[in-house]
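Thank you all for making time this morning. I would like to walk you through one structure, going from its helices to its strands and then to a few single residues.

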Amino acid sequence: MKVQIYGAGISGSYLYHLLNQNGFEVSIYDVRNKPDCRCAWGFSYSETKELYKEIGIDIDEFLLSKPKYVVVNDKLWLKNKEIVILDKKRLMEELWSFDLKDEGGDVVVDATGHSRAILPKIENDVVYTTVQSVEKHDLDENIYVYMVKTGYAWAFPLGDRWHVGAGDLSRERALELVKKLRELYGLEEVEGVCNCVGKIRMLPPSKCKPIAWRNVYGVGEAIGCVSGAGEGNAPSLKCAKIFYDCLAENRLEEYERRVLEEFWWIELEHEFVNAVQCGKKLRALRLLPKIISIESKRSVEQSFETIKRLLSLLK
């Protein structure tokens with residue numbers, strides 16, 4: 001059986017190596033001729049480490065930083081537990097040891113992210129715009145965030161540089177968030193080493209159907225494997241592993257069900273975000289205990305009181 005992967009980002013490149021190292025005939029294609037330095041340098045450490053170990057990659061070799069705190073709107077300091085910043089560009093360059101080939105296959109994988117180039121388009125899709133740059137600043141090694149109901153801006157430490165950016169419903173709104181972030185934390189507007197604009201899908205898997213269509217199977221962001229906070233690295237890797245397991249077990253008919261079962265927590269997080277954005281405070285408060293349980297394991301230490309404070313900061 002021949003597998004053709006379209007998209008050599010986080011999920012596609014990982015899946016290629018899983019399949020190739022385990023004896024499958026596989027090829028991969030991407031419209032780019034080399035990996036870029038776009039968003040998503042932050043990873044959930046424990047899960048990411050275990051998944052990359054499957055293909056012989058030690059992510060500690062790519063570790064740039066483990067920030068001490070996540071600072072929200074300069075008022076809420078959350079102790080970091082699991083978020084690490086990896087040198088994503090160097091990691092992807094190592095993973096791109098393959099030749100890009102479009103040869104077709106018995107099984108086709110759509111790992112093309114927000115573009116979802118192979119699967120049917122999603123009705124009522126929700127795709128945010130991100131603006132990002134890599135800059136030099138002198139700040140304590142924390143993650144700095146300015147958050148509103150519809151999106152947020154961030155500054156992540158990259159060793160001697162900083163990844164500054166934002167995501168919101170439009171480019172204009174994202175740029176305005178970056179401006180507010182700079183004002184709040186004293187980040188001067190400097191010329192970036194790298195500047196780019198990207199997109200990110202903000203829908204959970206249940207709203208990204210079909211997940212499987214004919215001989216095409218979606219993986220990663222193409223089928224909504226992005227948390228309510230916009231973190232899609234570890235979920236996309238896990239999604240690729242689920243696809244590999246189904247293929248290896250000759251149970252591809254179970255793939256969609258397994259994806260939906262695995263990412264129940266993404267569904268909850270998006271439901272929480274939607275409740276906050278729509279002003280449904282009671283619904284948001286009811287979901288809080290589950291959100292706290294999820295993110296206290298995946299990202300930062302949280303409590304009911306800290307999240308209530310966070311909600312009160314959002315405009």
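Where α1 passes α3, the crossing is left-handed, and I should say at once that what you see is a predicted model. The contact between these two helices is made by Ile 10, Ser 13 and His 17 on the α1 side, and by Lys 88, Met 92 and Leu 95 on the α3 side. As for the geometry, two packed helices are described by the angle between their axes and the distance between the axes. Here the axes of α1 and α3, the latter being residues 88-95, come within 10 Å and cross at roughly 35°.

Now keep your eye on α1 and turn to its other helical partner in this talk, α5, where the crossing is right-handed. The axes of α1 and α5 come within 9 Å, and they too cross at roughly 35°. The residues of α1 in this contact are Ile 10, Ser 11, Tyr 14, Leu 15, Leu 18 and Leu 19, and they meet a set in α5 that includes Asn 233, Ser 236, Leu 237, Ala 240 and Tyr 244. You may notice that Ile 10 belongs to the contact with α3 and also to the contact with α5.

How many of the 16 residues of α5 are buried? The count is 13, so that the helix is mostly covered, given that buried stands for under 20% relative accessible area. The length of α5 can be checked as well: at 1.5 Å a residue, its 16 residues should span 22 Å, and the end C-alpha atoms are 23 Å apart, which agrees. Just after this helix, Asn 250 takes a positive phi of about 60°.

One residue within α5 deserves a moment, namely Asp 245. With a relative accessibility of 22%, Asp 245 counts as partly exposed. Its C-alpha atom is separated by 37 Å from that of Asn 195, although the two are 50 residues apart along the chain.

From α5 we can step to helix α6, residues 255-262, whose buried residues are Tyr 255, Arg 258 and Val 259. These three cover an arc of only 100° around the axis, which puts them on the same side of α6. Among the elements that cover them are β15 and α5.

That mention of β15 brings us to the sheet. Five strands form an open sheet in the order β2-β1-β8-β15-β14, with mixed pairing. At its edges lie β2, residues 25-29, and β14, residues 212-213, each of which pairs on one side only. Helix α1, residues 10-21, packs on this sheet, where it touches β1, β2 and β8, and its direction makes about 160° with that of β2. At the other edge, β14 pairs with β15, residues 216-218, in the antiparallel sense over 2 bridges, and Ala 212 stands opposite Tyr 217 of β15.

A further strand to look at is β7, residues 83-86, which is covered on both faces. In a regular strand the side chains alternate between the two faces of the sheet. In β7, Ile 83 and Ile 85 are on one side and Val 84 and Leu 86 are on the other, and all of them are buried. Strand β3, residues 42-44, runs antiparallel to β7 and is joined to it by 3 bridges, with Ser 44 having Ile 83 as its bridge partner. Strand β4, residues 63-65, also runs antiparallel to β7, in this case with 2 bridges, and here Leu 63 has Leu 86 as its partner.

Let me finish with two single residues. Is Ser 227, which is found in the loop between β15 and α5, buried or exposed? At 1% relative accessibility, Ser 227 counts as buried. Leaving aside residues up to four places away in sequence, Ser 227 touches Met 202, Trp 265, Ile 266, Glu 269 and His 270.

The second residue is Tyr 152, which lies in strand β11, residues 152-157. Tyr 152 is partly exposed, with a relative accessible area of 24%. Again leaving aside residues up to four places away in sequence, Tyr 152 has contacts that include Val 145, Tyr 146, Met 147, Leu 177 and Ala 229. Lys 101, by contrast, is 51 residues away from Tyr 152 in sequence and 37 Å away in space, C-alpha to C-alpha.

Technical notes. Residues are numbered from 1 along each chain as its sequence is written. This is a predicted model: local features need pLDDT of at least 70, side-chain atom pairs count only at pLDDT 80 or more; totals for chains, interfaces and linings use all residues. Side-chain values use heavy atoms; hydrogens and water are left out. Two strands pair if DSSP finds at least two bridges between them. Helices (H or I, at least four residues) and strands (E, at least two) are DSSP runs, numbered from the N terminus. Contact means heavy atoms within 4.5 Å. Axes are lines fitted to C-alpha atoms, for helices over the stretch in contact, and angles run from 0 to 180 degrees between N-to-C directions. Buried means under 20% relative accessible area, exposed over 50%, partly exposed in between (1.4 Å probe, protein chains only). The arc is that of the directions from the helix axis to the C-beta atoms. The expected span of a helix is 1.5 Å times one less than its number of residues. A crossing is left-handed if the near helix is turned anticlockwise from the far one by less than a right angle, and right-handed if clockwise.
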